[in-house]
Amino acid sequence: MNTPLLQVQDLRVTFTTGRGAVHAVDGVTFDVGAGEVLGLVGESGSGKSVTLRAIPRLLHDNAAVSGRVLWHGQDLLTIPDERLRAIRGGQVAMVFQEPMSALNPVLPIGMQIDEVLVAHTDMDRAARRRRAIELLGLVGIASAATRLDQYPHEFSGGMRQRAMIAISLAAQPALLLADEPTTALDVTIQDQILTLLLQLVSELGMAMVLVTHDLGVVAETCDRVAVMYAGRLCETGPVELVFNRPRHAYTDALLRSMPGDGAAGAMLTPIPGQPPRIDSPVPGCAFAPRCSYAEPRCTTERPVLTAYAPGHDSACYAATRLPARVEEGAA
Amino acid sequence: MTLLAVEGVSKRFPARRGLVDVLSGRPRQAVHAVEQVSLEVRRGETLGIVGESGCGKSTFARCLVRLYEPDEGAIRFEGADVLALQGDARRNFNRHVQMVFQDPYGSLNPRMTVGDTLAEALSVHAVVARAQVPARVRELLDLVHLPADAAERYPHEFSGGQRQRIGIARALAVEPSLIIADEPVSALDVSVQASIVNLFLELQARLGLTLVFITHDLRLVKHMTHRVAVMYLGRIVEVGPTADLFAAPRHPYTQALIRAVPHVKPAAREARRNRQAAVTGELPSPLKPPPGCAFHPRCPIAQPACAQAVPALEDRGGAWPVACIRVSG
Ligand SMILES: Nc1ncnc2c1ncn2[C@@H]1O[C@H](COP(=O)(O)OP(=O)(O)OP(=O)(O)O)[C@@H](O)[C@H]1O
Ligand SMILES: Nc1ncnc2c1ncn2[C@@H]1O[C@H](COP(=O)(O)OP(=O)(O)OP(=O)(O)O)[C@@H](O)[C@H]1O
Ligand SMILES: [Mg+2]
Ligand SMILES: [Mg+2]
């Protein structure tokens, strides 16, 4: 078994806004080992990006964070800024969901890669340039030498995303926090990028937390998957178990809303209703109001994560009433 | 009936030249983002545009709404020359043709609340009476499944997928007849995505909305588009009815693309390890497009003739056009 490289314990994030508090992350616990890929999926707005950004302390100033984020035994949430800066971008790197929010618009891509290399390696100038060209090539950007001098706005959406992946990999991180790293990529380049990342995972033991909405990507790349809903983890386990035998009603509903082999142009089946307001902590199970399996206690008592198979935990009172899924057909 | 007709549109971006380039007399390079694209969008249809990252989809979309002036070619909307529109006619065009941008973060004003952004769209085009603006804003937010209190919040207070839906609400606000949506649902989980797709399908059925849908999600393309155009390095290589094209793709690039869709199947990870890369070989650069068919350096069935001339987009004995000299019937 892997020893966990990263342990996130009871992470909570609350934003203070002019209109009150937003409880974006509400007690999230998970760990990732070297050479392991953990998928993080869940409803839009459920707190995946906030969870990821909390790990290297990259949240807005209006965020209050509690819990522990243990990295080699030290708590990243409390170590001094100086020490954190040495880790961030180096051992722990991040791919942001929206490249334009993370890239510097007035700095050529090449210089943004160079900054990481200067900070976290002792390469000389020539070696850094060679490395930058090599990195762009690895993420499938042709004419890399010319592209290094271009600015983010001169790249396509997917090229920006790949440039950011190149920046994140520049210093050979031990942990990659990848927030929707391939959403702007076509399937063939996505395939190439995932192959590259999995190679780093299997050959260099890189650990990865991969946030994605693409359940096919989860099935193809992750060892384990964690499902989030309204700031909480509702289910975690080995990918095959979670997909074939979901133990949380939200996971079950999510898997059902995928476009399958139904008639083209037919209406899809989204989960009815809206996620709960998160301006005050939600009592009971946050999914209960939309859940077709809900029973009275679901709205009052918060279910705790319970094991249903080794490594497969879920926080759902209906866990044993959910149907096993029949094998999914192809796309 | 044709709503939007595109004829031979090209867009190139000159590359910056460094001092060394100038001194050594190197010729000025250009990124050939869109090359000779001709396409029609029919009233009431959903046309999908797919293709490799960087192949020119967003640039083409921006040409369609006149955010970029094409270097060559013509665009006609309801018969009128879009590139010559002025004054009221141009404002009218701007209302009826809306774009949902690929990058919601960059396309929203960070200093305006979401409510103000939507209200602005509503008032610029005088879509509803002033007194009805707040109610309409709430309605729009509800349509895209954002909470009502979203109106008072600023863009940075939302998740990526929530911001994406703000962009969709803004496009819908002015009740356009054509929406050009650039990856509009890429940041949404499958359930919210299903709601938004249903919303588009409903608007299409009720109001005859026409959609140009740029996406990398082939499952979605298959589900919701009537026709699909496949782009490769700035050009359209195949365009046809979606169901038929997915069942029997004609261009070798389309075939590779459809093969590479990840499957949500048990043991998918094992399958992936044993699978060959979908497309191999040197990636093409729009700074130096390969001669002839741009796909030939990576094409499994290429012949010497493929490097000679750019293949025309023609029927070639089939039911829809394809730009490949190796295809017949
Ligand atoms: N700076 C902020 N101030 C206030 N609320 C915020 C802020 N950042 C995020 N939120 C809220 O926190 C919640 C979680 O956001 P987060 O970005 O983590 O969602 P997500 O799961 O990544 O969603 P998506 O899949 O759409 O990217 C959302 O409801 C969002 O509106
Ligand atoms: N403003 C610009 N200046 C210079 N080059 C540009 C500009 N916009 C786009 N390009 C170039 O044009 C080409 C096509 O880019 P475009 O954004 O249209 O691709 P795309 O098909 O939308 O890709 P993606 O799927 O990654 O979003 C790319 O090589 C890109 O670098
Ligand atoms: Mg997110
Ligand atoms: Mg694009």
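Thr59(B) has a polar side-chain atom 2.5 Å from an oxygen atom of ligand 2. That distance, like the others I will quote, comes from a predicted model.

Staying with ligand 2, there are two further side-chain contacts to show. An N or O atom in the side chain of Tyr68(B) is 3.4 Å from a nitrogen atom of ligand 2. His216(B) places a polar side-chain atom 3.0 Å from an oxygen atom of the ligand. As for cover, ligand 2 exposes 630 Å² when taken alone, and the protein buries 94% of that.

Which residues come nearest to ligand 2? There are 23 residues around it, and the nearest are Glu154(A), Ser156(A), Gly158(A), Gly54(B) and Thr59(B). The surrounding residues come from chains A and B, so this site is shared between the chains.

Now His216(B) in its own right. It sits in the loop between strand E8 (210-214) and helix H9 (218-224) of chain B. Is it buried or exposed? His216(B) counts as buried, at 8% relative accessibility. Its side chain also reaches across to chain A, where the backbone oxygen of Ala184(A) is 3.0 Å away. So much for the histidine.

Back to Tyr68(B), the residue with the 3.4 Å contact to ligand 2. With a relative accessible area of 23%, Tyr68(B) is partly exposed, since buried would require under 20%. I will return to its ring in a moment.

Next, the helix that carries Thr59(B). H2(B) is mostly covered, with six of its eight residues buried. Those residues are Lys57(B), Thr59(B), Phe60(B), Ala61(B), Cys63(B) and Leu64(B). After the helix comes Arg66(B), which has a positive phi, near 70 degrees.

The same helix takes us to a metal. The magnesium ion that is ligand 4 has Ser58(B), through OG, and Gln102(B), through OE1, as its protein donors, at 2.0 to 2.2 Å. Ser58(B) is in helix H2 of chain B, while Gln102(B) is in the loop between strand E6 (97-100) and helix H4 (104-107) of that chain; the two are 44 residues apart, and the pair links distant parts of the chain.

What are the protein donors of the other magnesium ion, ligand 3? They are Ser49(A) by its OG and Gln97(A) by its OE1, lying 2.0 to 2.2 Å from the ion. Ser49(A) belongs to helix H1 of chain A and Gln97(A) to the loop between strand E6 (92-95) and helix H3 (99-102), so this pair ties together parts 48 residues apart in sequence. Gln97(A) is buried, with a relative accessible area of 15%.

Gln97(A) also brings us to ligand 1. An N or O atom in the side chain of Gln97(A) is 2.9 Å from an oxygen atom of ligand 1. Two backbone contacts go with it: a polar backbone atom of Gly47(A) is 2.9 Å from a ligand oxygen, and one of Val50(A) is 2.8 Å from a ligand oxygen. On its own ligand 1 has 650 Å² of accessible area, of which the protein covers 96%.

Around ligand 1 there are 26 residues, and Ser44(A), Gly45(A), Ser49(A), Ser159(B) and Gly161(B) come nearest. Why call this site shared between chains? Because the residues surrounding ligand 1 come from chains A and B. By class, the shell holds 15 polar, seven nonpolar and four charged residues. Four elements each supply at least two residues of it: strand E1 (4-17), strand E2 (20-33) and helix H1 (48-54) of chain A, and helix H7 (160-173) of chain B.

Last topic, the aromatic rings. Over all chains, the whole structure has nine aromatic pairs. In one, Tyr250(A) and Phe287(A) have ring centres 5.4 Å apart and planes at 70 degrees, so the pair is edge-to-face. Tyr250(A) is in helix H11 (residues 249-256), and Phe287(A) is in the loop between H11 and strand E11 (306-309), 37 residues apart. Both residues are buried, and together with Tyr229(A) they form one aromatic cluster.

In chain B, the ring of Tyr68(B) pairs with that of Phe13(B), with centres 5.4 Å apart and planes at 75 degrees, so this pair is edge-to-face. Phe13(B) lies in strand E1 (residues 2-14) and Tyr68(B) in the loop between helix H2 (57-64) and strand E4 (72-77), so parts 55 residues apart in sequence are tied together. Phe13(B) counts as partly exposed, at 28% relative accessibility.

Technical notes. Residues are numbered from 1 along each chain as its sequence is written. Chains are lettered from A and ligands numbered from 1 in the order in which they are written. This is a predicted model: local features need pLDDT of at least 70, side-chain atom pairs count only at pLDDT 80 or more; totals for chains, interfaces and linings use all residues. Side-chain values use heavy atoms; hydrogens and water are left out. A residue is near a molecule or strand if one of its heavy atoms lies within 4 Å of it. A polar contact is a pair of N or O atoms within 3.5 Å; within protein, one must be able to donate a hydrogen and the other to accept it, and residues adjacent in sequence count only if both atoms are side-chain atoms. Accessible areas come from the Shrake-Rupley method with a 1.4 Å probe; for residues, only the protein chains shown count as cover. Ala, Val, Leu, Ile, Met, Phe, Trp, Tyr, Cys and Pro count as nonpolar, Asp, Glu, Lys and Arg as charged, and the others, Gly among them, as polar. Donors are N, O and S atoms within 2.8 Å of the metal (3.2 Å for Na, K and Ca); water is not among the atoms, so sites may look incomplete. Buried means under 20% relative accessible area, exposed over 50%, partly exposed in between (1.4 Å probe, protein chains only). Rings of Phe, Tyr and Trp (its six-membered ring) pair if their centres lie within 6.5 Å; planes under 30 degrees apart count as stacked, over 60 as edge-to-face and the rest as tilted.
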